[in-house]
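Got your viewer open and a selection box ready? Here is a short walk through a few stops, with what to pick at each one.

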Amino acid sequence: MMKPTVRENCAYSLVSPTSMGVRITPLNHQPVHVSDHFFLQATSAESNVLTVSAALGERVKVLTTFVKDSPIALLIKNDLRKRGIEFEGKDVPQGGPWGYRHQFNIADTGYGVRGPRVTNDRAGEVGRTLNVKDFDLERLFGREGVRVLHVSGLIAALSPETGQFCIELARAAKSHGTLISFDLNYRESFWKGRGEELHSLFSEIASLTDYLIGNEEDFQLALGVQGPEAGGADIAGKMDSFKGMIDNARKAFPNASVFATTLRQVVHANEHLWGAILHSDEGWFQAPPRPIHILDRIGGGDGFVGGLLYGLNKGWEPEKALQFGWATGAMATTMIYDFAVPASEEQVWSVWEGNARVKR
């Protein structure tokens, strides 16, 4: 597969469909069930990805929906503005106290031998109403122009309607020369009772994809691609298994030109071995697993994707883009937010180089 051509003269570096919500996290690494003080932030996996490029001066946008006149919706809009992320989408009437709302993600960070626990509270989620009829795709992809459309499996699996939305969005983007990035983001709770339906959907999106991204669990459970045991020990010694998994994905989805996976071995909640591997038409590239200290692991994978796409959009060689993604993923785990906000490219490269010296 030849290296894809990044479209020139585009208004947007990245655009992504998303369902925005809020995350609440107990203070001081405590579990949810014993806590009475929480930190609240606006969140979504897809906006987390876009934050890296936005922080580094690129123009990005989320396609989403909001609950009309909701203070939570206003909080989210203000947070997106603060992060430099543009947004487009309908304000949907709440429909009374039992109607629509923004999702709540309830997650502690874990500590030491106690791992993090995440609970998704998504009943009545307004993002389930996403529909291509609510967006002018000809204007967005045709007249304005988008380099990369980033699609997440979280949105594709949210509802039958959002799955169709992602497919139609990808087709429209492809017809205008926009590249497609697909982060599989498998979640067992989303797939329960829907395996056949979602396997077919994910396979169709993957067939349109230029950049196919996921961890070992994502590739195996979302696409049925054989690979290594998820979350096992001695991850550095399993490189051949990871390469074999990507080779299987390349055979199944030959239209994609870049395949990437993160490598994570959990020593304890506050120390991981963190690495990544990528295949492109130029061959194999690795960021070998090495220890990183963790404040909050949630969002590390999104940080990796954000840095990788930033580098690919800049036209960097795959190895450089992979290293940058490794570093922005690692950076995300040092922040109380579930996204990385780099101050500069220089700061990201300092993370890659392992240089944590004070900069005055």
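**Stop one: a strand and its partners**

Select strand E2 (residues 21-26) together with E8: the two pair in the parallel sense over four bridges. Strands pair here if DSSP finds at least two bridges between them, and the strands (E, at least two residues) and helices (H or I, at least four) are DSSP runs numbered from the N terminus. Before going on, note that this is a predicted model, where local features need pLDDT of at least 70, side-chain atom pairs count only at pLDDT 80 or more, and totals for chains, interfaces and linings use all residues. Residues are numbered from 1 along each chain as its sequence is written, and side-chain values use heavy atoms, with hydrogens and water left out.

Now zoom in on Ile 106 in E8: Ile 24 stands opposite it, and so does Thr 119 in E9. Strand E9 (residues 118-121) runs antiparallel to E8, joined by four bridges.

Show the side chains of E8 (residues 103-107). Which ones point to the face where they are buried? Gln 103, Asn 105 and Ala 107 do, while Phe 104 and Ile 106 point to the other face and are not buried. Buried means under 20% relative accessible area, exposed over 50%, and partly exposed in between (1.4 Å probe, protein chains only). In a regular strand the side chains alternate between the two faces of the sheet.

**Stop two: helix H9**

Select residues 239-252. These 14 residues should span 20 Å at 1.5 Å a residue, and the end C-alpha atoms are indeed 20 Å apart; the expected span is 1.5 Å times one less than the number of residues. Colour Met 239, Phe 242, Met 245, Ile 246 and Ala 249, which are buried. They cover an arc of only 125° around the axis, so they sit on the same side of H9; the arc is taken from the directions from the helix axis to the C-beta atoms. On the face turned away from that buried side, find the exposed Asp 240 and Lys 251.

What do the buried residues pack against? Add helix H8 (216-223), E13, E14 and strand E15 (283-293) to the view.

**Stop three: Asn 270**

Go to the loop between strand E13 (258-268) and strand E14 (271-280) and pick Asn 270. Asn 270 counts as buried because its relative accessibility is 12%. A polar atom of its side chain lies 2.7 Å from the backbone nitrogen of Gly 112.

Methods: Polar contact = N/O pair within 3.5 Å; in protein donor to acceptor, adjacent residues only side chain to side chain. Contact = heavy atoms within 4.5 Å.
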